[in-house]
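Thanks for joining; I would like to walk through one model, starting with a helix and then moving to the sheet beside it. Please have a look at the structure first.

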Amino acid sequence: MSRCYYDLHVHSCLSPCGDEEMTPNNIVNMALLNGLSLLALTDHNTTKNCPAIMALAAENGLSFVPGMELTTEEEIHMICLFSSLDGAMEFDKYVAGKLPPVLNEEAVFGRQIIMDKNDEIIGTEEKLLINATEISIDRVQELMKDYGGFCFPAHIDRTSYSILSVFGDFPPDYHFRAAEITPKADPSALTASYPALSEARFLINSDAHTLYDFNNSAFLELSRPTLAEMIKVLGNA
Ligand SMILES: [Zn+2]
Ligand SMILES: [Zn+2]
């Protein structure tokens, strides 16, 4: 077992709110500079920049997890991580069919840029990615089984787009094995207020939208820096 420094919530230039400097090469290089062993890309409701980052991460010996920050129909953000790129890309197609047919207005929301591993623009996403999907939080864990994924609620201590802000509680019925908190959160105060949280392991991620936002202080003790090992450890939480 060794310390695996992770950041499992990072946005690229494909997220409308993501800085255009969040290119595949810049993200992988910042992860390496920050000493991370495990990185996930989690753009809003899309995985289309995962192939480029996965290829670059492999070339640089960085363990990469393809992911997505899904907006449920209740407007709760969920981090979905996949054990394979194929599973992630299939889930991307499924989610695309569950997004409202609203086009992105680049002047208002910013560009949604898809890049290859050389940071060349290979396309832009036309549908606005930050809208809520038609997927209920009740279905997300079931969907993860279908697509080979693992999910947990994002930034639960935030006052918007979080499970606590929407439901006013941490519902015990979902049995989430992890819950993401921001670096500013007070874990013991949260558990005191929402006892069901004692079932979940807290994960601290950056939710980086710029190159300056990466988190390099959170770690798990893992035998190898992989999603499978992480899930095993969270299972024993
Ligand atoms: Zn979010
Ligand atoms: Zn996010």
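Which exposed residues does the face of α3 turned away from its buried side carry? They are D86 and K93, where exposed stands for 12 or fewer other C-beta atoms within 10 Å of a residue's own and buried for 20 or more, with C-beta atoms placed from the backbone. Before going on, I should say that this is a predicted model, in which local features need pLDDT of at least 70 and side-chain atom pairs count only at pLDDT 80 or more, while totals for chains, interfaces and linings use all residues. Residues are numbered from 1 along each chain as its sequence is written, and chains are lettered from A and ligands numbered from 1 in the order in which they are written.

The buried residues in α3 include A88, F91 and V95, and because they cover an arc of only 65 degrees around the axis, they sit on the same side of α3; the arc is taken over the directions from the helix axis to the C-beta atoms. Helices here are DSSP runs of H or I with at least four residues, and strands are runs of E with at least two, numbered from the N terminus.

Turning to the sheet, six strands form an open, mixed arrangement in the order β7-β4-β3-β2-β1-β10, two strands being paired if DSSP finds at least two bridges between them. The edge strands, each pairing on one side only, are β7 (149-153) and β10 (219-222). Within the sheet, β1 (residues 2-7) and β2 (residues 38-44) pair in the parallel sense over two bridges, and Y6 stands opposite L38 in β2.
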